[in-house]
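Visitor: I have a structure open and would like to go through parts of it with you. May I ask short questions as they come to mind?
Guide: Please do.

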Amino acid sequence: MSYIKDKVIIITGASSGIGKATAIHLAKNGASVVLASIDEDGLKNVAGRINQEGGIAHYKLADVTVNEEVQSLVDFTLDRFGRVDTLINCAGLMLFSMWDNAHVEEWEKMINLNIKGSLYGIAAVLPHMKKQGNGQIINVGSIAGHAVGEGHGVYSATKYAMRAITESLRKEVSVKHNIQAVLVSPGVIATNWQDRVTDKDVKAVLGELNKVAIDVEYVSETIGFVVNKPNNVMINDVIVAPTTQEW
């Protein structure tokens with residue numbers, strides 16, 4: 001039995017990487033997906049592909065670091081479908097750097113996107129899921145939220161924060177409101193994320209990591225596995241990583 005079919009799912013960061021792969025995977029399995037990102041061309045391409053292949057996809061340009069835009073995204077979804085079954089907080093930024101180089105602006109960008117962006121999503125969907133009497137909030141973390149490596153400092157801090165947020169959410173809303181709170185933590189994924197890194201001193205670390213990177217589809221399939229559960233079954237915490245990645 002498919003528990004993905006006919007679900008209404010919001011996916012942030014859906015124009016590329018894990019978000020894109022997850023949107024395509026869930027739509028192929030019968031979900032109606034609402035895609036969000038700041039990359040409108042990317043969103044058009046992903047939504048167009050899904051609809052062309054017989055799926056159901058809408059998209060809305062949204063910067064998840066702006067609370068009002070996230071609220072508007074949820075309202076957009078409710079206007080079209082009348083409910084939100086699953087929110088996947090996938091928008092994120094991974095900018096490795098060494099402490100000595102003090103990339104303060106990059107630290108702030110990661111904090112705003114990785115933490116605040118997810119918090120705004122939770123705040124926007126929670127009242128509606130409580131009213132529905134069920135729902136699912138999936139936060140995409142990282143293996144860096146379980147172990148800290150060289151050059152990972154602030155990025156790891158944001159992902160450790162996501163572990164705390166997800167666990168606190170689970171304790172408050174799962175039993176009382178039948179809302180699942182799930183953390184999916186990928187290891188090194190082949191998504192060209194390293195192209196955004198500006199710190200030259202951390203390049204050697206990236207080179208070693210990329211040697212073991214796995215395809216993004218393995219993460220999207222893992223998220224699909226989590227979504228494909230009845231309301232009374234929760235997969236709470238999953239790590240999906242290369243077998244040979246050290247952490």
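Visitor: What phi does Gly82 take just after H3?
Guide: Gly82 takes a positive phi of about 80°, and this residue comes just after H3. Helices (H or I, at least four residues) and strands (E, at least two) are DSSP runs, numbered from the N terminus. This is a predicted model, in which local features need pLDDT of at least 70 and side-chain atom pairs count only at pLDDT 80 or more, while totals for chains, interfaces and linings use all residues. Residues are numbered from 1 along each chain as its sequence is written, and side-chain values use heavy atoms, with hydrogens and water left out.

Visitor: How many residues does H3 have, and how far does it reach?
Guide: H3 has 15 residues and reaches 21 Å from its first C-alpha to its last. That is close to the 21 Å expected at 1.5 Å a residue, where the expected span is 1.5 Å times one less than the number of residues.

Visitor: Which residues of H3 are buried?
Guide: They are Val70, Leu73, Val74, Phe76, Thr77 and Leu78. Buried means under 20% relative accessible area, exposed over 50%, and partly exposed in between (1.4 Å probe, protein chains only).

Visitor: And what covers them?
Guide: The cover includes strand E1 (8–12), strand E2 (32–37), strand E3 (56–61) and H4.

Visitor: At what angle do H3 and H4 pack?
Guide: Helix H3 (residues 67–81) and helix H4 (residues 104–132) pack at about 35°, with their axes 8 Å apart. Axes are lines fitted to C-alpha atoms, for helices over the stretch in contact, and angles run from 0 to 180 degrees between N-to-C directions.

Visitor: Which residues make that contact?
Guide: From H3 there are Asn67, Val70, Gln71, Val74 and Leu78. H4 supplies Tyr120, Gly121, Ala123, Ala124, Val125 and His128. Contact means heavy atoms within 4.5 Å.

Visitor: Val74 has come up twice. Is it buried or exposed?
Guide: Val74, which has its place in helix H3, is buried because its relative accessible area is 2%. Not counting residues up to four places away in sequence, Val74 touches Ile10, Val84, Ala124, Val125 and His128. The C-alpha atoms of Val74 and Lys60 are separated by 9.9 Å, with their positions 14 residues apart along the chain.

Visitor: Let us change topic. Where is Gly145 found?
Guide: Gly145 is in the loop between strand E5 (135–140) and helix H5 (153–177). Gly145 has a relative accessible area of 0%, so this residue is buried.

Visitor: What does Gly145 touch?
Guide: Leaving aside residues up to four places away in sequence, Gly145 touches Ser156, Lys159, Tyr160 and Arg163.

Visitor: What do the buried residues of H7 pack against?
Guide: They pack against E1, helix H1 (17–28), strand E4 (86–89), E5, strand E6 (179–186) and strand E7 (237–240). The buried residues of helix H7 (residues 217–227) include Val219, Ile223 and Val227.

Visitor: How many helices and strands are there in the protein?
Guide: There are 7 helices and 7 strands. Along the sequence the pattern is β-α-β-α-β-α-β-α-β-α-β-α-α-β.

Visitor: How much of the protein is buried?
Guide: Buried residues make up 52% of the 247 residues.
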